[in-house]
Every structure is written in C-alpha cells, then in structure tokens.
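User: I'd like to understand the terms used for this structure. Could you walk me through them?

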Amino acid sequence: MDCFNNLRNSSHAPMESGARRDSVPTMPTVVNEAAWRVCPSDRASPPSESQIVVARWHSLEARTEEAEAETAADSHVVSIALRSMNVRLASAGRTVLDGVATAGTFNVTPPSIPGRGVFRGAYDVLHLFVPNTLIAECDGDMPGRRAGMLCAGIQPGRDAIVEWLGRSLLAANEVDSYSERMYVDSLSMAIVARLWSLARRTVADGRSEVRALPRWRLRRAIDYVESRLAEPISLAEIASVTGLTRMHFAAEFRAATGLRPHEYLLRRRIERSQEMLMTTHMTLVDIALAVGFQTQSHYSNVFRRFVGQSPGVWLRSRCGEKPRARRALAPAFTSKVSSAANVMVGPFAERRRDESA
C-alpha cells in the first residue's frame, strides 16, 4: 500500500472539541526512520494528500551499512545530506552517487523506483516524502511547464540553501505544538521550491561551466584529507596529490562537491570532533587539537558556525538521544595527539591565509 494511503488510514483518536492541542500526546514532527527511506506510518495525525512528511536517517556508527527500499507509487523522495559521508547510492540499478557526499548534497527519486544505499561509516540524511499531488500542483502553476521536471531536470548536487532549510527542519520538534505543523510545511515547501528553481536553471543552461573533479582524483584528495585531519594541510599539498595546479584543483573540487577545499576540511574536522564528543571523555581543548585546530576558542567558533550551537550545548542536546557510552581513547592515540599538538602550527593561521585551502 502506498505511503500516504498508509498514513491516512492509520488509526488515531479524534480531538474533542475545545481540547488543548498540547495536552494530546503526539509523535515528533520530524521522526527517526525505522528503515531507510520508508515513510513513517505510526504518526498520531495523518497528513493530507498534499502534505510533505519529513523523517531522518542517521547514525554515528563507524561501520558499513547497506539498505534497500522502493519509492512509494504516490510520492517522490527528496534526500538531503546533513553531514559529509561516504556513500554509494543506486536508483533503478544505476549508480547516481559513489564516494563522499558533503553536507547539503541532495537527490530526488521518482515514484516506484527501487533504490539501494551503502553507507560507509557515519551518516545523517533528511528524507522528504513529497506527494505526487503536490508535484502535479507545482507543475500546473509553473509557466512553460514540463511534466515531471523536478526529476527530469534535477541531478544529484549540492546547494547551501537546501542544506540550511534542511537543518532548520530539525528544530521543528522544539517549536510549540500550535505552530509546529505550519513550521514544517513552510520549510518543506521552501525546499521543494528551491529544487524546482535549480531544475529549471539546469534545463535552461544545459551545461556546466566548470568540469567536476574526476572521481579518482576526488578520492585521492578526500583520502589525503581524512588521513591528516589533525595536521597542517595546505591547498598546494592536496592539489599535488591529485596532479593538478592549485587553481584547477580548487575549481574542479568545488564543482564536484559544492564546497571550497578549505570549507570541506573545516566541515570534516567538525564532524570528526562530533564523533569524538559522543564517544570519548576527552576535554574540548584536546578534541580541538586532535582535529587540527590551534585553540579551543577557534574550534568553538567554527563549530558554532557549522552546527549552530556550541560544542557543549550540542553534546547536551544529544544526551537525550541515548548516545553510545563515551570511552577514553587508547593511550597510543592520546600520545599521538599530544605529539601532534606540540608541533602543530595550524593549517590556516592568519599569516598563511593566502596560501590555505
């Protein structure tokens, strides 16, 4: 049975007239998926035929996980990466993404399409289940419309606005019960509108201004960064690994990932620090040094810029999600971190800003 039919037919107790809405127990507006890309069906209030359902698929486990699912016949699925992750996505047997998907990477899957995902390590993905009726309404409202253009014109890519809107959706469960539905509906529609705009632009242009970095070069660059997150890294060093000049590498890397090399490096350092916050007893200053920052204050400022919260506030907010027990790092690793801290001069210090990635 289709996703939205399941939701409409699910049993729920009607609210008595005059009852306070916030006195009725409800599921969170953005729920965690029990299975990859499977529309949640155990919600207290079923959506309307044109209402977007939002769910989250995430884990900090450092292991490979495989999942399969088929898009329901009555909806499209919009996927938005909320962190950088190593993943292989296939749609109808065709690989659409294989490698590092940076935060803000999106993908649209049409109805009745089987998909498969291989997640190599930690992942965090937001899924929007968009009803076909809503897509049809948008089709009818668009001048010079093309049937199914949202899927025909959009390819997996990255967009900072889509990422920001997706992260904003995560705050829905903190909004008061009277306005949370309007909050989610507004942001969800804004994401669909943004994707539609990108699709129209892609169809109109029909070309890419800068060639994306080939997959094998991108893999080399990513591997180099991953192995040296705690060390000073310059743009010239990463470009050298790929066999390109700094200028060509930076342009092609951005075309492939949507991020400047320096921004990607900072994001990965913050994401690595999030894993360490959840799984170790290290102090903030030790974690900052372990992921390549010179000072705790610089680390905290960058963390707040990318995550929207300080490290301490972020960790406390995750305590309610029953994280894995934090454990002390092995002595060998702690020693390695201390040694690196003694020689670290910082990859992007002010005096080297013009040469940094």
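User: Leaving aside neighbours within four places in sequence, which residues is valine 54 in contact with?

Analyst: Happy to help! Contact means heavy atoms within 4.5 Å, and by that rule valine 54 is in contact with Thr29, Val30, Val31, Leu126, His127, Leu128, Leu169, Val184 and Ser188. This is a predicted model, where local features need pLDDT of at least 70, side-chain atom pairs count only at pLDDT 80 or more, and totals for chains, interfaces and linings use all residues. Residues are numbered from 1 along each chain as its sequence is written, and side-chain values use heavy atoms, with hydrogens and water left out.

User: What makes the largest nonpolar core a core?

Analyst: A nonpolar core is a set of buried Ala, Val, Leu, Ile, Met, Phe, Trp, Tyr and Cys residues joined through side-chain atoms within 4.5 Å. Buried means under 20% relative accessible area (1.4 Å probe, protein chains only). The largest such set has 24 residues, and Val54, Leu126, Leu128 and Leu169 are among those with the most contacts inside it. Helix H5 (180-205) gives the most, with seven residues.

User: Why are S3 and S8 called paired strands?

Analyst: Strands are DSSP runs (E, at least two residues), numbered from the N terminus. Two strands pair if DSSP finds at least two bridges between them; S3 and S8 have seven, so they count as paired, and they run antiparallel. Threonine 64 stands opposite arginine 120 in S8.

User: What makes S3 and S6 edge strands?

Analyst: In the open sheet, the order is S3-S8-S5-S6. Strand S3 (64-70) and strand S6 (94-101) each pair on one side only.

Conventions. Helix = DSSP H or I, 4+ residues; strand = E, 2+ residues; numbered from the N terminus. Buried < 20%, exposed > 50% of the residue type's maximum accessible area, 1.4 Å probe, protein only.
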